[in-house]
Amino acid sequence: MKINPVIDHASREAFLEVPKILYKNDPNWTCLLDVEVNKIFDPEKNDCYKHGEAERWFLKDDQGKLIGRIAAFYDDRKKDHSYVTAGNVGFFDCVNDQKAANLLFDTAKEWLQSKGLKAMDGNSNFGENFFHWGTLVEGFQAQGIGMPYNFPYYKELFENYGFKDYFQQLGYCKKLSDPWPERQYKFAEFLSTRPDYKFVQLKFSEMDKFMNDFVETYNNIWSDFHEEYTPLKLEEIKRIFDDVREILDEELIWFAYSTTENRPIGMAIGVPDVNIILRKLKNGKLTLWNKLKLLYYLKIRKNTANRCRVIMSGVVPEYQQKGVIAVIFLKLIKTITDRGFTELELSWTGDYNKPVLQIYEHIGAKHATTHITYRYIFDNSIEFKRFTNEEGYKARKKPVNK
(Lines give C-alpha, C1' and ligand atoms only; values in the text may rest on other atoms or scores of the structure.)
Protein backbone atom coordinates (compact mmCIF):
# COMPACT_ATOMS: atom_id res chain seq x y z
CA MET A 1 0.00 0.00 0.00
CA LYS A 2 1.12 3.55 -0.68
CA ILE A 3 -0.21 6.74 0.89
CA ASN A 4 0.02 9.98 -1.07
CA PRO A 5 -0.49 13.63 -0.10
CA VAL A 6 -2.90 15.87 -2.00
CA ILE A 7 -0.62 18.36 -3.73
CA ASP A 8 -1.99 19.04 -7.22
CA HIS A 9 -5.01 18.71 -9.47
CA ALA A 10 -4.53 14.99 -10.10
CA SER A 11 -4.23 14.18 -6.41
CA ARG A 12 -7.26 16.36 -5.58
CA GLU A 13 -9.25 14.35 -8.11
CA ALA A 14 -8.01 11.10 -6.53
CA PHE A 15 -9.17 12.30 -3.08
CA LEU A 16 -12.62 13.06 -4.52
CA GLU A 17 -12.78 9.74 -6.35
CA VAL A 18 -12.32 7.42 -3.34
CA PRO A 19 -15.91 7.48 -1.97
CA LYS A 20 -17.34 7.31 -5.50
CA ILE A 21 -15.58 3.99 -5.93
CA LEU A 22 -16.48 2.60 -2.49
CA TYR A 23 -20.16 3.57 -2.42
CA LYS A 24 -21.11 3.29 -6.08
CA ASN A 25 -23.54 0.43 -5.40
CA ASP A 26 -25.01 1.76 -2.14
CA PRO A 27 -28.42 3.39 -2.77
CA ASN A 28 -28.38 5.20 0.60
CA TRP A 29 -25.22 7.15 -0.17
CA THR A 30 -25.27 10.61 -1.74
CA CYS A 31 -22.21 11.87 -3.56
CA LEU A 32 -21.13 15.26 -2.27
CA LEU A 33 -20.64 17.82 -4.99
CA ASP A 34 -16.96 18.17 -5.84
CA VAL A 35 -17.28 21.93 -5.59
CA GLU A 36 -18.53 21.61 -2.00
CA VAL A 37 -15.58 19.47 -0.89
CA ASN A 38 -13.09 21.68 -2.72
CA LYS A 39 -14.44 24.78 -0.96
CA ILE A 40 -13.74 23.21 2.42
CA PHE A 41 -10.09 22.78 1.48
CA ASP A 42 -9.66 26.14 -0.25
CA PRO A 43 -7.90 28.79 1.88
CA GLU A 44 -9.62 31.50 -0.14
CA LYS A 45 -13.09 30.18 0.69
CA ASN A 46 -12.76 28.64 4.16
CA ASP A 47 -12.14 31.06 7.04
CA CYS A 48 -10.74 28.24 9.19
CA TYR A 49 -7.47 28.56 7.26
CA LYS A 50 -6.96 31.96 8.93
CA HIS A 51 -6.63 30.11 12.23
CA GLY A 52 -5.24 26.70 11.30
CA GLU A 53 -4.10 24.25 8.66
CA ALA A 54 -5.36 21.19 6.82
CA GLU A 55 -3.73 18.31 4.97
CA ARG A 56 -5.17 15.47 2.89
CA TRP A 57 -4.01 12.05 1.74
CA PHE A 58 -5.30 9.18 -0.39
CA LEU A 59 -4.32 5.52 -0.26
CA LYS A 60 -3.66 3.03 -3.06
CA ASP A 61 -3.18 -0.73 -2.83
CA ASP A 62 -0.27 -2.60 -4.39
CA GLN A 63 -2.08 -2.74 -7.72
CA GLY A 64 -2.57 1.05 -7.75
CA LYS A 65 -6.28 0.93 -6.93
CA LEU A 66 -7.74 3.71 -4.75
CA ILE A 67 -8.80 2.21 -1.39
CA GLY A 68 -8.90 5.06 1.13
CA ARG A 69 -8.54 8.71 2.06
CA ILE A 70 -8.33 10.98 5.11
CA ALA A 71 -7.90 14.65 6.02
CA ALA A 72 -6.37 16.17 9.15
CA PHE A 73 -6.81 19.73 10.38
CA TYR A 74 -6.78 21.99 13.39
CA ASP A 75 -8.21 25.38 14.32
CA ASP A 76 -6.35 27.43 16.92
CA ARG A 77 -9.65 28.93 18.10
CA LYS A 78 -11.06 25.53 19.05
CA LYS A 79 -8.19 23.17 19.78
CA ASP A 80 -8.08 24.02 23.51
CA HIS A 81 -11.81 23.77 24.20
CA SER A 82 -11.40 20.56 26.19
CA TYR A 83 -9.07 18.93 28.69
CA VAL A 84 -6.56 17.96 25.98
CA THR A 85 -5.39 19.96 22.95
CA ALA A 86 -7.12 18.28 20.03
CA GLY A 87 -7.07 18.45 16.27
CA ASN A 88 -9.39 16.63 13.94
CA VAL A 89 -9.57 14.01 11.23
CA GLY A 90 -12.33 13.89 8.66
CA PHE A 91 -13.46 12.76 5.23
CA PHE A 92 -12.21 9.32 6.21
CA ASP A 93 -13.20 6.61 3.76
CA CYS A 94 -11.63 3.19 3.52
CA VAL A 95 -12.13 -0.38 2.39
CA ASN A 96 -12.82 -2.92 5.13
CA ASP A 97 -9.15 -3.47 5.96
CA GLN A 98 -7.77 -2.55 9.37
CA LYS A 99 -4.19 -2.27 8.09
CA ALA A 100 -5.30 0.25 5.47
CA ALA A 101 -7.29 2.22 8.05
CA ASN A 102 -4.37 2.18 10.50
CA LEU A 103 -2.04 3.59 7.85
CA LEU A 104 -4.47 6.44 7.20
CA PHE A 105 -4.94 7.14 10.92
CA ASP A 106 -1.18 6.93 11.60
CA THR A 107 -0.45 9.43 8.84
CA ALA A 108 -2.98 11.91 10.20
CA LYS A 109 -1.73 11.36 13.75
CA GLU A 110 1.89 12.03 12.82
CA TRP A 111 0.96 15.26 11.03
CA LEU A 112 -1.13 16.49 13.96
CA GLN A 113 1.64 15.61 16.41
CA SER A 114 4.07 17.64 14.32
CA LYS A 115 1.72 20.62 14.82
CA GLY A 116 1.72 20.20 18.60
CA LEU A 117 -1.67 18.52 18.99
CA LYS A 118 -2.23 15.87 21.68
CA ALA A 119 -5.36 14.16 20.36
CA MET A 120 -7.55 13.82 17.29
CA ASP A 121 -11.34 13.83 17.01
CA GLY A 122 -13.26 12.41 14.07
CA ASN A 123 -14.95 12.05 11.77
CA SER A 124 -15.10 15.84 11.70
CA ASN A 125 -15.38 18.79 9.36
CA PHE A 126 -12.89 21.61 8.84
CA GLY A 127 -15.64 24.07 9.68
CA GLU A 128 -18.81 24.23 11.76
CA ASN A 129 -20.27 20.99 13.09
CA PHE A 130 -23.74 21.13 11.56
CA PHE A 131 -22.35 19.66 8.31
CA HIS A 132 -20.12 16.60 7.71
CA TRP A 133 -19.62 15.61 11.34
CA GLY A 134 -19.61 12.19 13.01
CA THR A 135 -19.33 8.51 12.14
CA LEU A 136 -22.63 6.73 11.51
CA VAL A 137 -23.12 3.70 13.79
CA GLU A 138 -26.91 3.28 13.85
CA GLY A 139 -29.68 4.03 11.35
CA PHE A 140 -28.16 3.18 7.98
CA GLN A 141 -30.89 4.87 5.97
CA ALA A 142 -30.91 7.27 3.04
CA GLN A 143 -28.35 9.95 3.82
CA GLY A 144 -29.77 13.34 4.80
CA ILE A 145 -28.26 16.63 3.67
CA GLY A 146 -25.08 17.48 5.54
CA MET A 147 -25.13 14.27 7.58
CA PRO A 148 -22.29 11.79 7.04
CA TYR A 149 -22.99 8.31 5.76
CA ASN A 150 -20.59 5.39 5.93
CA PHE A 151 -20.45 1.62 6.01
CA PRO A 152 -21.22 -0.16 9.33
CA TYR A 153 -17.66 -1.52 9.54
CA TYR A 154 -16.26 2.00 10.07
CA LYS A 155 -17.14 1.66 13.76
CA GLU A 156 -14.72 -1.27 14.05
CA LEU A 157 -12.00 0.50 12.07
CA PHE A 158 -12.09 3.47 14.45
CA GLU A 159 -12.43 1.49 17.68
CA ASN A 160 -9.87 -1.17 16.78
CA TYR A 161 -7.35 1.61 16.20
CA GLY A 162 -8.04 2.98 19.68
CA PHE A 163 -10.60 5.75 19.15
CA LYS A 164 -13.15 6.10 21.95
CA ASP A 165 -16.69 7.44 22.03
CA TYR A 166 -16.26 11.15 22.93
CA PHE A 167 -19.93 11.95 22.46
CA GLN A 168 -22.88 10.67 20.47
CA GLN A 169 -24.91 12.69 17.98
CA LEU A 170 -28.54 11.63 17.96
CA GLY A 171 -30.82 12.23 14.99
CA TYR A 172 -34.60 12.21 15.37
CA CYS A 173 -37.32 12.01 12.76
CA LYS A 174 -40.97 13.09 12.82
CA LYS A 175 -43.34 11.69 10.24
CA LEU A 176 -45.74 14.53 9.53
CA SER A 177 -48.59 12.05 9.09
CA ASP A 178 -48.25 11.27 12.81
CA PRO A 179 -50.28 13.67 14.99
CA TRP A 180 -48.59 16.14 17.31
CA PRO A 181 -49.16 15.07 20.97
CA GLU A 182 -52.32 16.94 21.94
CA ARG A 183 -51.08 18.30 25.25
CA GLN A 184 -47.90 19.68 23.70
CA TYR A 185 -49.82 21.09 20.75
CA LYS A 186 -52.26 23.00 22.96
CA PHE A 187 -49.45 24.38 25.10
CA ALA A 188 -47.48 25.58 22.06
CA GLU A 189 -50.62 27.11 20.55
CA PHE A 190 -51.33 28.98 23.80
CA LEU A 191 -47.75 30.22 24.14
CA SER A 192 -47.72 31.46 20.55
CA THR A 193 -50.49 33.95 21.44
CA ARG A 194 -48.64 35.46 24.39
CA PRO A 195 -47.91 39.18 23.73
CA ASP A 196 -44.41 38.98 25.25
CA TYR A 197 -43.24 36.75 22.38
CA LYS A 198 -43.07 37.21 18.63
CA PHE A 199 -42.38 34.47 16.07
CA VAL A 200 -41.40 35.44 12.54
CA GLN A 201 -40.05 33.83 9.38
CA LEU A 202 -36.85 34.88 7.67
CA LYS A 203 -37.24 37.47 4.93
CA PHE A 204 -34.57 37.60 2.25
CA SER A 205 -35.37 41.29 1.82
CA GLU A 206 -34.19 41.87 5.41
CA MET A 207 -31.26 39.45 5.32
CA ASP A 208 -28.79 41.74 7.11
CA LYS A 209 -31.12 42.13 10.10
CA PHE A 210 -31.74 38.40 10.36
CA MET A 211 -28.04 37.58 10.02
CA ASN A 212 -27.27 39.87 12.95
CA ASP A 213 -30.08 38.26 14.96
CA PHE A 214 -28.72 34.83 14.03
CA VAL A 215 -25.21 35.68 15.23
CA GLU A 216 -26.50 37.07 18.52
CA THR A 217 -28.73 34.07 19.17
CA TYR A 218 -26.22 31.43 18.05
CA ASN A 219 -23.41 32.82 20.17
CA ASN A 220 -25.65 33.18 23.24
CA ILE A 221 -26.74 29.57 22.92
CA TRP A 222 -23.36 27.98 22.26
CA SER A 223 -21.33 30.01 24.73
CA ASP A 224 -23.41 28.11 27.30
CA PHE A 225 -22.17 24.79 25.93
CA HIS A 226 -18.44 25.52 25.91
CA GLU A 227 -16.55 27.21 28.72
CA GLU A 228 -14.01 28.61 26.26
CA TYR A 229 -16.40 29.16 23.35
CA THR A 230 -15.08 31.33 20.53
CA PRO A 231 -17.96 33.43 19.15
CA LEU A 232 -18.75 33.23 15.46
CA LYS A 233 -18.42 36.49 13.60
CA LEU A 234 -20.98 38.02 11.25
CA GLU A 235 -18.74 37.64 8.19
CA GLU A 236 -18.30 33.91 8.91
CA ILE A 237 -22.05 33.35 9.18
CA LYS A 238 -22.67 35.31 5.99
CA ARG A 239 -20.21 33.13 4.13
CA ILE A 240 -21.85 29.95 5.43
CA PHE A 241 -25.29 31.17 4.38
CA ASP A 242 -23.96 32.31 1.01
CA ASP A 243 -22.64 28.79 0.41
CA VAL A 244 -26.11 27.29 0.90
CA ARG A 245 -28.16 30.21 -0.45
CA GLU A 246 -29.44 28.17 -3.39
CA ILE A 247 -31.25 25.74 -1.09
CA LEU A 248 -32.42 28.22 1.57
CA ASP A 249 -36.17 28.68 1.82
CA GLU A 250 -37.27 31.68 3.88
CA GLU A 251 -40.48 29.93 4.93
CA LEU A 252 -38.48 27.18 6.66
CA ILE A 253 -36.47 29.52 8.93
CA TRP A 254 -38.12 30.80 12.10
CA PHE A 255 -36.94 33.26 14.75
CA ALA A 256 -38.38 33.91 18.21
CA TYR A 257 -38.16 37.32 19.88
CA SER A 258 -38.85 38.65 23.33
CA THR A 259 -41.03 41.73 22.87
CA THR A 260 -40.38 42.84 26.44
CA GLU A 261 -36.59 42.74 26.00
CA ASN A 262 -36.66 43.53 22.28
CA ARG A 263 -34.13 40.87 21.32
CA PRO A 264 -33.92 37.50 19.52
CA ILE A 265 -34.16 34.51 21.84
CA GLY A 266 -34.46 31.45 19.61
CA MET A 267 -34.43 30.02 16.09
CA ALA A 268 -34.83 26.96 13.91
CA ILE A 269 -33.11 26.70 10.53
CA GLY A 270 -34.74 24.19 8.21
CA VAL A 271 -33.58 23.28 4.71
CA PRO A 272 -35.09 20.98 2.08
CA ASP A 273 -33.21 17.71 1.95
CA VAL A 274 -31.69 18.22 -1.48
CA ASN A 275 -29.81 14.94 -1.13
CA ILE A 276 -33.02 13.45 -2.53
CA ILE A 277 -32.25 15.48 -5.65
CA LEU A 278 -28.47 15.07 -5.63
CA ARG A 279 -28.87 11.29 -5.72
CA LYS A 280 -30.35 11.83 -9.18
CA LEU A 281 -27.10 13.44 -10.36
CA LYS A 282 -23.94 11.60 -11.29
CA ASN A 283 -20.53 11.60 -9.62
CA GLY A 284 -20.72 14.96 -7.85
CA LYS A 285 -19.88 16.90 -11.00
CA LEU A 286 -21.74 20.14 -11.75
CA THR A 287 -21.82 19.53 -15.48
CA LEU A 288 -24.22 21.58 -17.56
CA TRP A 289 -26.68 18.67 -17.62
CA ASN A 290 -26.47 18.20 -13.85
CA LYS A 291 -26.95 21.94 -13.29
CA LEU A 292 -30.10 21.85 -15.41
CA LYS A 293 -31.43 18.82 -13.51
CA LEU A 294 -30.68 20.46 -10.17
CA LEU A 295 -32.42 23.66 -11.22
CA TYR A 296 -35.41 21.69 -12.51
CA TYR A 297 -35.94 19.83 -9.24
CA LEU A 298 -35.26 22.87 -7.04
CA LYS A 299 -37.33 25.45 -8.89
CA ILE A 300 -39.97 23.53 -10.85
CA ARG A 301 -40.60 20.21 -9.12
CA LYS A 302 -40.25 21.67 -5.63
CA ASN A 303 -41.96 18.76 -3.88
CA THR A 304 -39.25 16.34 -4.98
CA ALA A 305 -37.28 17.12 -1.79
CA ASN A 306 -40.14 16.23 0.56
CA ARG A 307 -38.01 15.94 3.69
CA CYS A 308 -36.92 18.95 5.72
CA ARG A 309 -33.82 18.84 7.89
CA VAL A 310 -33.41 21.19 10.85
CA ILE A 311 -29.70 21.90 10.67
CA MET A 312 -29.76 24.16 13.70
CA SER A 313 -32.19 25.06 16.47
CA GLY A 314 -32.00 26.46 19.95
CA VAL A 315 -33.11 28.96 22.54
CA VAL A 316 -30.92 31.24 24.67
CA PRO A 317 -30.40 29.90 28.22
CA GLU A 318 -32.79 32.27 29.99
CA TYR A 319 -35.73 31.03 27.91
CA GLN A 320 -34.94 27.33 27.58
CA GLN A 321 -37.45 26.24 30.21
CA LYS A 322 -40.32 28.40 28.98
CA GLY A 323 -41.58 26.43 26.00
CA VAL A 324 -40.29 28.80 23.32
CA ILE A 325 -38.71 26.03 21.28
CA ALA A 326 -42.03 24.16 21.18
CA VAL A 327 -43.69 27.14 19.49
CA ILE A 328 -40.84 27.44 16.98
CA PHE A 329 -41.27 23.78 16.02
CA LEU A 330 -45.04 24.18 15.88
CA LYS A 331 -44.66 27.04 13.40
CA LEU A 332 -42.12 25.10 11.32
CA ILE A 333 -44.14 21.88 11.26
CA LYS A 334 -47.29 23.74 10.21
CA THR A 335 -45.34 25.41 7.41
CA ILE A 336 -43.73 22.28 6.00
CA THR A 337 -46.96 20.29 6.29
CA ASP A 338 -48.78 22.95 4.26
CA ARG A 339 -45.94 22.88 1.75
CA GLY A 340 -46.31 19.14 1.14
CA PHE A 341 -43.30 17.88 3.09
CA THR A 342 -43.81 14.45 4.63
CA GLU A 343 -40.94 14.20 7.09
CA LEU A 344 -38.98 16.39 9.49
CA GLU A 345 -35.40 15.38 10.31
CA LEU A 346 -34.00 16.76 13.56
CA SER A 347 -30.27 16.21 13.52
CA TRP A 348 -28.07 16.31 15.22
CA THR A 349 -28.22 16.80 19.00
CA GLY A 350 -25.56 15.57 21.42
CA ASP A 351 -26.41 12.81 23.88
CA TYR A 352 -25.39 15.30 26.59
CA ASN A 353 -28.19 17.72 25.62
CA LYS A 354 -31.05 16.10 27.54
CA PRO A 355 -33.44 19.10 27.46
CA VAL A 356 -33.50 19.25 23.64
CA LEU A 357 -33.84 15.48 23.31
CA GLN A 358 -36.88 15.65 25.59
CA ILE A 359 -38.38 18.34 23.37
CA TYR A 360 -37.98 16.09 20.33
CA GLU A 361 -39.83 13.32 22.12
CA HIS A 362 -42.53 15.74 23.30
CA ILE A 363 -43.36 16.69 19.71
CA GLY A 364 -43.59 13.05 18.71
CA ALA A 365 -40.22 12.60 17.00
CA LYS A 366 -38.48 9.20 17.11
CA HIS A 367 -34.79 8.37 17.42
CA ALA A 368 -33.56 7.46 13.93
CA THR A 369 -29.77 7.71 13.69
CA THR A 370 -26.68 7.76 15.88
CA HIS A 371 -23.34 9.21 14.85
CA ILE A 372 -20.28 9.17 17.10
CA THR A 373 -17.58 11.79 17.43
CA TYR A 374 -14.56 9.69 18.35
CA ARG A 375 -11.44 10.85 20.21
CA TYR A 376 -7.98 9.31 20.14
CA ILE A 377 -5.42 10.60 22.67
CA PHE A 378 -1.81 10.17 21.55
CA ASP A 379 -0.39 9.77 25.09
CA ASN A 380 -2.15 6.85 26.79
CA SER A 381 -1.16 8.17 30.22
CA ILE A 382 -3.72 10.97 29.76
CA GLU A 383 -7.11 9.94 31.11
CA PHE A 384 -9.90 9.79 28.53
CA LYS A 385 -13.05 11.70 29.47
CA ARG A 386 -16.32 11.75 27.54
CA PHE A 387 -17.84 15.13 26.75
CA THR A 388 -20.78 15.68 29.12
CA ASN A 389 -21.24 19.46 28.97
CA GLU A 390 -21.33 19.70 32.76
CA GLU A 391 -19.47 23.01 32.61
CA GLY A 392 -21.84 24.30 29.97
CA TYR A 393 -24.83 24.23 32.27
CA LYS A 394 -23.36 26.73 34.72
CA ALA A 395 -25.78 29.46 33.64
CA ARG A 396 -28.75 27.28 34.51
CA LYS A 397 -27.22 26.10 37.79
CA LYS A 398 -26.71 29.58 39.18
CA PRO A 399 -29.20 30.53 41.91
CA VAL A 400 -31.87 32.97 40.81
CA ASN A 401 -31.82 36.30 42.66
CA LYS A 402 -35.29 37.13 43.95
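Phe 130, Phe 214, Ile 240, Phe 241, Val 244, Leu 248, Ile 269, Ile 311 and Met 312 line the second largest cavity of this structure, which is a predicted model. This cavity encloses about 50 Å³ of space. By class, its lining comprises nine nonpolar, no polar and no charged residues. Helix H7 (234-243) and strand E11 (307-315) each contribute at least two residues to that lining.

**Cavities**

The structure holds three cavities of 30 Å³ or more. The largest cavity has a volume of about 130 Å³, and its lining consists of 18 residues. Among these, Gln 141, Ala 142, Gly 144, Glu 345 and Thr 369 lie nearest the centre of the largest cavity. Three strands, E7 (164-175), E12 (343-350) and E13 (366-377), each supply at least two residues of this lining. The class composition of the lining of the largest cavity is eight nonpolar, eight polar and two charged residues.

**Nonpolar cores**

In soluble globular proteins, nonpolar side chains tend to be buried together. The largest nonpolar core of the model has 67 residues. Within this core, Phe 214, Tyr 218, Val 324, Ile 328, Phe 329, Leu 344 and Leu 346 touch the most other members. Helix H10 (residues 324-338) gives the most to this core, namely ten residues. Phe 214 belongs to the largest core and also to the lining of the second largest cavity.

The contacts of Ile 328 may be listed individually. With residues up to four places away in sequence not counted, Ile 328 touches Phe 199, Trp 254, Ala 256, Gly 266, Met 267, Ala 268 and Val 315. Apart from the largest core lies another core, of 52 residues, which includes Ile 40, Ala 100, Leu 136 and Tyr 153.

**Salt bridges**

The count of salt bridges in the model comes to 26. Three of the pairs are set out below.

| Basic residue | Acidic residue | Closest N and O atoms |
|---|---|---|
| Arg 239 | Asp 47 | 3.1 Å |
| Lys 155 | Glu 159 | 3.2 Å |
| Arg 307 | Asp 273 | 2.5 Å |

Arg 239 and Asp 47 form a salt bridge that links distant parts of the chain, 192 residues apart. Arg 239 lies in helix H7, while Asp 47 lies in the loop between helix H2 (34-40) and strand E2 (52-60). Arg 239 is partly exposed, since its relative accessible area is 31%, whereas Asp 47, at 11% relative accessibility, counts as buried.

The salt bridge between Lys 155 and Glu 159 lies within helix H4 (residues 154-161). Because these two residues are four residues apart in the helix, Lys 155 and Glu 159 are separated by about one helical turn. Lys 155 counts as partly exposed at 32% relative accessibility, and Glu 159 is partly exposed with a relative accessible area of 33%.

The pair formed by Arg 307 and Asp 273 again links distant parts of the chain, with the two positions 34 residues apart in numbering. Arg 307 is located in strand E11, and Asp 273 in the loop between strand E10 (263-272) and helix H8 (275-278). Arg 307 is buried, with a relative accessible area of 8%, and Asp 273 is buried at 0% relative accessibility. Both residues take part in a network of salt bridges that links Lys 175, Asp 273, Arg 307, Glu 343 and Glu 345. Of these, Glu 345 is one of the residues nearest the centre of the largest cavity.

How values were computed
Residues numbered from 1 in each chain as written. Predicted model: local features only at pLDDT ≥ 70, side-chain atom pairs only at ≥ 80, totals over all residues. Heavy atoms only, no water. Core = buried A, V, L, I, M, F, W, Y, C linked by side-chain atoms within 4.5 Å. Buried < 20%, exposed > 50% of the residue type's maximum accessible area, 1.4 Å probe, protein only. Contact = heavy atoms within 4.5 Å. 1 Å grid on protein atoms, 1.4 Å probe; cavity = no way out; pocket = protein on both sides within 12 Å on 5 of 7 lines; lining within 4 Å. Points joined across faces, edges and corners; volume = space filled by probe spheres on them. Nonpolar A, V, L, I, M, F, W, Y, C, P; charged D, E, K, R; others polar. Salt bridge = Lys/Arg side-chain N within 4 Å of Asp/Glu carboxyl O.
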